[in-house]
Amino acid sequence: MADYEILNTSDAEKWNQYLSMLPVEQQDVYFTPEYYKLYENNGDGTAYCFVFKDHNNLALYPFLMNRINDLGYDLDDEYYDIQGAYGYNGVAYSSNNKEFVKDFYENYYEFIKKNKVVCEFMRFHPLLKNEEFSLAYYNIIFDRKTVFLALDSNDVYNGYNKQTKKKLRRSEREGIKIRIGDTQQDITDFMHIYYHTMNYLQAKDYYYFPESYFFNFHNYMDNMSKLIVAELNGKVIGGMMYMIKGLYAHNHLSAADVSLRNMGVNIKIQHFVILDAIKEKCRFIHLGGGRTNNPDDSLLRFKENFSSYKADFKIAKKIYIQNIYEKILVQWKEKYPLAADKYANWVQGYRHQF
């Protein structure tokens with residue numbers, strides 16, 4: 001008998017229990033209630049997990065849901081949209097048997113219709129390749145390559161390119177030290193360096209996470225994350241927030257003093273994180289992709305210095321109520337023509353208003 005439940009972050013124990021029932025290859029930090037609570041409290045939407053069971057099969061789909069009416073558009077009823085939290089989502093599953101997948105989506109679309117969801121945006125997990133579960137129900141779009149390492153050996157150093165090894169040796173000569181940050185001051189120091197780096201990179205507004213985000217990350221993700229900090233002469237000069245669960249480790253946010261970039265700070269931090277992931281018995285560490293989908297993106301090239309392993313990051317967009325979606329777009333273009341032009345290819349571009 002098929003059955004589905006809708007969980008929220010107050011159901012964290014049950015949510016995690018279901019997640020633990022999936023094959024270990026399908027369990028990752030991006031599917032946890034702790035991770036979704038982080039973004040719910042960041043104002044990114046209300047977090048839910050759609051759980052579907054059928055005999056011995058199980059599938060979980062976490063997402064953030066937002067009320068479109070709150071954006072000020074004139075609509076005839078209350079309408080919502082759905083997307084994953086920053087990073088990756090899609091469905092984590094125990095089986096992609098054709099009948100099970102069909103039953104999953106019949107029930108999920110019932111939920112979509114009942115809750116007047118206008119559109120949806122999915123970011124599939126590059127290592128789980130979980131777009132396979134949804135191939136028959138979405139138009140899957142390749143977005144960009146991402147970089148990962150297989151941690152099957154302590155000898156990852158030999159996989160680095162020559163220039164990276166050279167910079168790593170320089171960081172040693174310069175006296176840069178790496179440690180695990182475990183104090184409030186460490187978080188504050190890293191946060192200030194992160195903001196300064198975002199200014200230097202002229203990053204998009206979204207990447208300026210509020211101060212509460214950094215402390216909530218430490219509190220909510222305590223047993224699934226670490227803050228790694230780099231020091232020079234006792235002063236914090238860079239760091240990385242990274243995440244760990246089961247087989248997988250992930251880079252999250254990283255930054256270094258821009259005036260010291262040539263000293264190999266970022267390389268030494270990444271090397272330490274890779275070795276720490278090995279100690280944590282992870283099988284893979286996902287470094288992620290570039291800031292853009294350009295194959296020559298500078299961040300992607302930096303990550304390629306550590307590994308030749310690549311994964312495909314794929315996305316999906318779906319419109320459920322076409323006439324309402326078009327009505328929203330008309331109002332968006334009238335009220336915010338600059339934003340409508342800039343984000344014309346984004347399925348939920350109407351959320352950008354300036």
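1. A disulfide here is a pair of cysteine sulfur atoms within 2.5 Å. In this predicted model, that rule gives a count of 0 disulfides. Two cysteines are still worth a look: Cys119 counts as buried, with a relative accessibility of 0%, and Cys282 counts as buried too, at 4%.

2. Next, have a look at the nonpolar interior. The largest nonpolar core holds 68 residues, and the members that touch the most others are Leu60, Ile68, Tyr194, Phe214 and Tyr350. Helix H5, residues 184–201, supplies the largest share of this core, with 7 residues. Apart from this core lies another one of 31 residues, including Tyr242, Met263, Ile285 and Leu300.

3. Tyr194 makes a good place to zoom in. Leaving aside residues up to four places away in sequence, Tyr194 touches Tyr207, Phe209 and Phe214, and also Leu253, Ser254 and Ala255. One of these partners, Phe214, is listed beside Tyr194 among the core members with the most contacts to other members.

4. Aromatic rings deserve a point of their own. Across the whole structure, a search finds 55 aromatic pairs. One of them joins Tyr61 and Phe63, whose ring centres are 5.2 Å apart with 50° between the planes, a tilted arrangement. Tyr61 counts as buried because its relative accessibility is 0%, under the 20% limit. Phe63 is also buried, with a relative accessible area of 0%.

5. Finally, two lysines are placed over tyrosine rings. Lys37 has its charged end over the ring of Tyr220, 4.6 Å from the ring's centre. Lys318 lies over the face of Tyr138, and here the distance to the ring centre is 5.1 Å.

Definitions and conventions
Residues numbered from 1 in each chain as written. Predicted model: local features only at pLDDT ≥ 70, side-chain atom pairs only at ≥ 80, totals over all residues. Heavy atoms only, no water. Core = buried A, V, L, I, M, F, W, Y, C linked by side-chain atoms within 4.5 Å. Buried < 20%, exposed > 50% of the residue type's maximum accessible area, 1.4 Å probe, protein only. Helix = DSSP H or I, 4+ residues; strand = E, 2+ residues; numbered from the N terminus. Contact = heavy atoms within 4.5 Å. Phe/Tyr/Trp six-rings, centres within 6.5 Å; stacked < 30°, edge-to-face > 60°. Lys NZ or Arg CZ within 6 Å of the ring centre and 35° of its normal.
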